[in-house]
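Thanks for sending this one over for a look. Here are my notes, written so that you can follow along with the model open next to you.

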Amino acid sequence: KKGEKADGPTSEPKVDPLASIRLIVQLKTGEVIERPMSQIQRFSWDKGILVVIGKDGKASRYSILDVSKVTIE
C-alpha cells in the first residue's frame, strides 16, 4: 500500500562487539581501574605516562612508575 514501509524481516539491534571487553590498569598501590572498551576513545603511552581518553573526552593519566600492569580482557 501507499505510504507503508517494506522493511522486510525485523532486524536485530546491533550489538557492540566491545561491550564485553575491558581495559584494566593495575597500579602498584593495588588500585585497579577497569573501564569497558566501548567507553574508551584511545589509550596510549607518551613520555612515561599512560593516557586513557574516554569517548566523553575525559582524559586520565597514570605515571609509568605507578602502573604495574595494563591488560585488555
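The points below go from the overall fold to single residues.

1. First, the kind of model. This is a predicted model, so please read each distance and percentage below as computed from that prediction.

2. Overall make-up. The protein chain has 6 strands and 0 helices, and reading along the sequence gives β-β-β-β-β-β. Of its 73 residues, 21% are buried. The accessible surface is about 6000 Å², and carbon and sulfur atoms own 51% of that. Taking the contacts in the chain with a separation of 6 or more, 34% are between residues 24 or more positions apart.

3. The sheet. Which strands sit at the edges of the open sheet of 3 strands? The order is S3-S4-S5, and the pairing is antiparallel. That leaves S3 (40-46) and S5 (59-63) as the edge strands, each pairing on one side only. Ignoring direction, neighbouring strands in this sheet are turned by 15° against each other on average.

4. The S3 and S4 pairing. S4 covers residues 49-54, and its antiparallel pairing with S3 runs over 6 bridges. If you want one pair to click on, try tryptophan 45, whose bridge partner in S4 is leucine 50.

5. Leucine 50. This S4 residue is worth a stop. Is leucine 50 buried or exposed? Its relative accessibility is 3%, so leucine 50 counts as buried, the cut-off being under 20%. Leaving aside neighbours within four places in sequence, leucine 50 is in contact with Val25, Phe43, Ser44, Trp45, Ser60, Arg61, Tyr62 and Val70. Leucine 50 also has its C-alpha 6.6 Å from that of isoleucine 64, with the two positions 14 residues apart in sequence terms.

6. Serine 60. Over in strand S5, serine 60 is a polar name to check against the burial numbers. At 14% relative accessibility, serine 60 counts as buried. Beyond neighbours within four places in sequence, serine 60 is in contact with Arg35, Leu50, Val51 and Val52. Leu50 therefore turns up again here, just as Ser60 is listed among the contacts of leucine 50.

7. The nonpolar patch. Which residues form the nonpolar patch on the surface? They are Phe43, Trp45, Ile64, Leu65, Val70 and Ile72, with about 560 Å² of accessible area together. S3 and S6 (67-72) each supply at least two residues of this patch. Among the patch members, Phe43, Trp45 and Val70 are also in contact with leucine 50.

8. Isoleucine 64. This patch member is found in the loop between S5 and S6. Isoleucine 64 counts as partly exposed, at 38% relative accessibility.

9. Lysine 69. Strand S6 is the place of lysine 69, which counts as partly exposed at 45% relative accessibility. Which residues is lysine 69 in contact with, once neighbours within four places in sequence are left aside? The answer is Ile24, Val25 and Gln26. The C-alpha atoms of lysine 69 and leucine 27 are separated by 6.9 Å, although the two residues are 42 residues apart along the chain.

10. Salt bridges. How many salt bridges are there? The count comes to 2. One joins glutamate 34 and arginine 22, with the closest N and O atoms 2.6 Å apart. That pair links strand S2 (residues 32-36), home of glutamate 34, to strand S1 (residues 22-27), home of arginine 22, across 12 residues of sequence. Both partners count as partly exposed: glutamate 34 at 46% relative accessibility, and arginine 22 at 29%.

11. The second bridge and the network. Arginine 22 forms a salt bridge with glutamate 73 as well, and here the closest N and O atoms are 3.2 Å apart. Arginine 22 lies in strand S1 and glutamate 73 in the segment after S6, so this pair ties together parts that are 51 residues apart in sequence. Through shared partners, the salt bridges join Arg22, Glu34 and Glu73 into one network.

How values were computed
Residues are numbered from 1 along each chain as its sequence is written. This is a predicted model: local features need pLDDT of at least 70, side-chain atom pairs count only at pLDDT 80 or more; totals for chains, interfaces and linings use all residues. Side-chain values use heavy atoms; hydrogens and water are left out. Two strands pair if DSSP finds at least two bridges between them. Helices (H or I, at least four residues) and strands (E, at least two) are DSSP runs, numbered from the N terminus. Axes are lines fitted to C-alpha atoms, for helices over the stretch in contact, and angles run from 0 to 180 degrees between N-to-C directions. Buried means under 20% relative accessible area, exposed over 50%, partly exposed in between (1.4 Å probe, protein chains only). Contact means heavy atoms within 4.5 Å. Accessible areas come from the Shrake-Rupley method with a 1.4 Å probe; for residues, only the protein chains shown count as cover. Patches are made of residues with over 30% relative accessible area and no salt bridge: like charges are joined within 9 Å, nonpolar side chains (Val, Leu, Ile, Met, Phe, Trp, Tyr) within 5 Å. A salt bridge is a side-chain nitrogen of Lys or Arg within 4 Å of a carboxyl oxygen of Asp or Glu.
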